[in-house]
Amino acid sequence: MVGLTLAALLDARPNRPFWGRAWVEQVLTKHLPGFDADPSGDELCGWSVGAALDNETLVQSRPILRDRADPVEDLLRTPAGCIVAAFASRAPNMLVSDTASSIRVARYRRWMGVRNGDDLTSDQRSASRADLPDFLARAAGSSDTEIVFLRYLAALHELGALGKAYAPHDAIRAALRAVGERFPDGPANLFVSDGRTLGILHRGGTLLAFEPPKDVRPSRSWRVDTGEPSAPAMLFLWKAGPPPDAPDGAERISEGVLTVPVAKPSLLERD
């Protein structure tokens, strides 16, 4: 069975080279199955990375790994404020022909999303497609990730927020709640972003948020409107199963719906 890990990297002032590569590698070594290439552990077998730049989304997909493929290089390649990714891993020596459907980054205009959850039934797929507005139905693919992602955009459209330059944070959370209510059974985890805001629907599994240590941060002062210190970046990781405690350097995020502004990566907003 292929396991999936979702990731989102927020960078308040994106520039390259990204100042925190060593920090990202350290987090992934400890918490991304297969990243450390331990011969006795899981192996990475594919990933996709998406980034939003202005009105364009850029996606790098590696459903079948080749020699020298570097997940951190792909994750940090594009100088974007929000990058989302899905990583697939497998047990040692397990044969996996293609991971394209499980690691797909869904996208529409400036929006992008990654998902993990139970497979939809054929009735759910048919009903979800039938309820989409025509302009979204024309963009519908065959994967469950794309169907759930478009249901999110449809909910945002119903709120009158999809056509706006950037959707208000409360509308993003309301649309994610609508997705959770539409698919009420089993785990549901969805990361969405328009490049300015990260929205998360979290139900089932474990969601961790990592702040970069102060000794690796850039020297520039970073503050939010309250005057309290704000981290210049955050890395969110979702994976299946609950750890007994949050690991060092991480905060375990409780289930629910939240938004995170890219400009203030340590500010988690809930209703």
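Helices α3 (residues 122-130) and α5 pack with their axes 10 Å apart, at an angle of about 40°. This packing belongs to a predicted model. The protein chain holds six helices and twelve strands, and 48% of its 271 residues are buried. Of the contacts in the protein chain between residues at least 6 apart in sequence, 70% join residues at least 24 apart.

**Packing of α3 against α5**

- Angles from 35 to 65 degrees count as oblique, and α3 and α5, at about 40°, are therefore oblique to each other.
- The two helices α3 and α5 cross in a left-handed sense.
- On the α3 side the contact is made by Arg125, Ser128 and Arg129, and on the α5 side by Asp144, Ile147 and Arg151.
- Sorted by class, the residues in the contact of α3 with α5 are one nonpolar, one polar and four charged.

**Packing of α5 against α6**

- The axes of α5 and helix α6 (residues 169-182) cross at roughly 130° and come within 8 Å.
- Helices α5 and α6 are therefore oblique to each other, and their crossing is right-handed.
- From α5, the residues Val148, Arg151, Tyr152, Ala155 and Leu156 meet Ala171, Ile172, Ala175, Leu176, Ala178, Val179 and Arg182 of α6.
- The contact of α5 with α6 comprises ten nonpolar residues, no polar residues and two charged residues.
- Arg151 of α5 takes part in the contact with α3 and also appears among the α5 residues that meet α6.

**Helix α5 itself**

- Helix α5 covers residues 144-158, and its 15 residues should span 21 Å at 1.5 Å a residue. The expected span agrees with the model, because the end C-alpha atoms of α5 are 21 Å apart.
- Of the 15 residues in α5, 13 are buried, and the helix is thus mostly covered.
- Gly160, just after α5, adopts a positive phi of about 75°.

**Arg109 and its loop**

- Arg109 is located in the loop that runs between β5 (106-108) and β6 (111-117).
- Most residues other than glycine have a negative phi. Arg109, although not a glycine, has a positive phi of about 50°.
- Arg109 counts as exposed because its relative accessible area is 58%, and the cut-off for exposed is over 50%.

**Thr57 in strand β3**

- Thr57 forms part of strand β3, which comprises residues 56-62.
- The relative accessibility of Thr57 is 8%, so Thr57 counts as buried; the cut-off is under 20%.
- Leaving aside residues up to four places away in sequence, Thr57 touches Ala51, Ala52, Arg107, Arg109, Arg110, Trp111 and Met112.
- The loop residue Arg109 is thus one of the contacts of Thr57.

**Asp11 in strand β1**

- Asp11 belongs to strand β1 (residues 3-11).
- With a relative accessible area of 2%, Asp11 is buried.
- Apart from residues up to four places away in sequence, Asp11 touches Arg16, Phe18, Trp19, Ala80, Gly81, Pro232, Ala233 and Val262.

Definitions and conventions
Residues are numbered from 1 along each chain as its sequence is written. This is a predicted model: local features need pLDDT of at least 70, side-chain atom pairs count only at pLDDT 80 or more; totals for chains, interfaces and linings use all residues. Side-chain values use heavy atoms; hydrogens and water are left out. Helices (H or I, at least four residues) and strands (E, at least two) are DSSP runs, numbered from the N terminus. The expected span of a helix is 1.5 Å times one less than its number of residues. Buried means under 20% relative accessible area, exposed over 50%, partly exposed in between (1.4 Å probe, protein chains only). Contact means heavy atoms within 4.5 Å. Axes are lines fitted to C-alpha atoms, for helices over the stretch in contact, and angles run from 0 to 180 degrees between N-to-C directions. Angles under 35 degrees count as roughly parallel, over 145 as roughly antiparallel, 65 to 115 as roughly perpendicular and the rest as oblique. A crossing is left-handed if the near helix is turned anticlockwise from the far one by less than a right angle, and right-handed if clockwise. Ala, Val, Leu, Ile, Met, Phe, Trp, Tyr, Cys and Pro count as nonpolar, Asp, Glu, Lys and Arg as charged, and the others, Gly among them, as polar.
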